[in-house]
Amino acid sequence: MSRFFSDKYKTLVPYTPGEQPRDMKYIKLNTNESPFSPSPKAIAAANEAAKSLQLYPDPTASELHKKLAALYGARETQVITGNGSDEVLNFAFMAFCDKAHPARFADITYGFYSVFAEINGVPYTEIPLNDDFTINTADYIGKNETIFIANPNAPTGIALSRDEIEAIVKSNSDSVVVIDEAYVDFGAESAVPLIKKYDNLLVTQTFSKSRSMAGARLGVAVGSADLIQDLNTIKYSTNPYNINRMTMAAAIGVLEDEEYTAANCAAIVNNRAYTAERMAKMGFEMTESLTNFIFAKHEKIGGAELYTELRRRGILVRHFSKPKLDAYNRITIGSAEQMKTLCDTLEEILKER
Ligand code: PMP
């Protein structure tokens, strides 16, 4: 730390992103990326957009927002995009949390929420999950705090139903409820249809997973026009050109290729079922994941040890050292071939025990 670092941030512990190693070629199952390339339409559109990179992008992202509004059955004024959903989530912490509106989220959830709360000086409460990693919805009913729920949750993969989300949103009418749907396209119910009914609901999604665009950085928030206006106040006070031209073009391209996204999601769901079945046969205990990852532990081998054994064999998964999580690993669902290699390797490791 330099002697110039602001007092405000001296105790800040930043988020640790998953490894992006360059020492060798791994089967990369550690950051929940898609194993599939972006849609050819996205690639062609980004190439075309590269020719105009001397110009700033459209700060209103109007063409993209029109397409997203159509996708969500909303108006353009109900949509905002960010540099990854990380950015829109940070905007939501900035816009909707303060001492009178503290944040509330699970103790086991997306690790960035507490970092966003800390960097914005927002008070927050972390609510323990049940022992089986499910959310106790009663912990979020009638709290009138700004609630953040990843649905499905990470790293557990477990989802609440739309009815359960609705009960939470309805009972907190004087505060904002943010539903982070980064993984919703792999089998869970989206809360987006509820935005018509509730002006305190904000739903975020990402192009990083089901749309194979993690490297382009694009996230979306959809909600009432008033909530979106507040987020725009934050955006125009920090980074009006937050979506670059190539990303914007690629996103428009992928939205014109919904069959491609649907086929990739179906493949991931298939590969998840294959992997879960084989891992169950090996004796792994897993949560009921509706995402593009599996969260698993085995009584014969500790989480950190399994992570290391897989890494030695060229497979990267994500291990979290937090006490409640350290027996587990979070394993991204990749291509059929990658999943076969993973399962064969797991069998080999277990055979040695
Ligand atoms: N929410 C959750 C639950 C996530 O796991 C992630 C991915 N790390 C994000 C949001 C952020 O994704 P991105 O910024 O790539 O949209």
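Visitor: What makes R330 count as lying over the face of F293?
Guide: A charge sits over a ring if NZ of Lys or CZ of Arg is within 6 Å of the ring centre and within 35 degrees of the ring normal. R330 is at 5.7 Å from the ring centre of F293 and lies over its face, so it fits that rule. The charged end of R211 does likewise with F207, at 5.2 Å from the ring centre.

Visitor: What sort of model are these values from?
Guide: This is a predicted model, where local features need pLDDT of at least 70 and side-chain atom pairs count only at pLDDT 80 or more, while totals for chains, interfaces and linings use all residues. Residues are numbered from 1 along each chain as its sequence is written, and side-chain values use heavy atoms, with hydrogens and water left out.

Visitor: Why is the F93 and F116 pair called tilted?
Guide: Rings of Phe, Tyr and Trp (its six-membered ring) pair if their centres lie within 6.5 Å; planes under 30 degrees apart are stacked, over 60 edge-to-face, and the rest tilted. F93 and F116 are 5.8 Å centre to centre with 45 degrees between the planes, so neither of the other two labels applies and tilted is what remains. F93 lies in helix α3 (residues 85-96) and F116 in helix α4 (residues 112-119), so the pair ties together parts that are 23 residues apart in sequence. For the labels, helices (H or I, at least four residues) and strands (E, at least two) are DSSP runs numbered from the N terminus.

Visitor: How do you know that F93 and F116 are buried?
Guide: Buried means under 20% relative accessible area, exposed over 50%, and partly exposed in between (1.4 Å probe, protein chains only). F93 comes out at 0%, so it counts as buried, and F116 at 5% passes too.

Visitor: And what makes the pair of F133 and Y328 edge-to-face?
Guide: Their ring centres are 5.2 Å apart and the planes stand at 85 degrees, so edge-to-face it is. F133 sits in the loop between β4 (124-127) and β5 (146-150), Y328 in the loop between β11 (315-316) and β12, and the two are 195 residues apart. Both F133 and Y328 are buried.

Visitor: What is odd about the phi of F133?
Guide: Most residues other than glycine have a negative phi, and most peptide bonds are trans. F133 has a positive phi of about 70 degrees without being a glycine. A61, in the loop between α1 and α2, also has a positive phi, near 45 degrees. On the peptide side, the bond from N151 to P152 is cis, with omega near 0 degrees, and the bond from A154 to P155 is cis as well. P152 is in the loop between β5 and α5, and P155 lies in that loop too.

Visitor: What makes β5 mostly covered?
Guide: Five of its five residues are buried. T146, F148 and A150 point one way, I147 and I149 the other way, and all are buried.

Visitor: How do you know that β5 and β6 pair?
Guide: Two strands pair if DSSP finds at least two bridges between them. Four bridges join β5 to β6, running parallel, so the pair qualifies. One of the partnerships is F148 with V178 in β6. Strand β3 (residues 103-106) is joined to β5 by two bridges, also parallel.

Visitor: Why are β9 and β12 called edge strands?
Guide: The open sheet has the order β9-β10-β12, with antiparallel pairing. β9 (285-286) and β12 (329-332) each pair on one side only.

Visitor: What makes the largest nonpolar core lie between the domains?
Guide: A nonpolar core is a set of buried Ala, Val, Leu, Ile, Met, Phe, Trp, Tyr and Cys residues joined through side-chain atoms within 4.5 Å. This one has 47 residues, and L201 and F207 touch the most other members. α7 gives the largest share, six residues. Domain 1 (19-37 + 259-351) and domain 2 (40-256) both contribute, so the core lies between them; the domain bounds come from an automatic or database domain assignment.

Visitor: How many disulfides are there?
Guide: Zero, where a disulfide is a pair of cysteine sulfur atoms within 2.5 Å. Among the cysteines, C97 is buried at 7% relative accessible area and C265 is buried at 9%.
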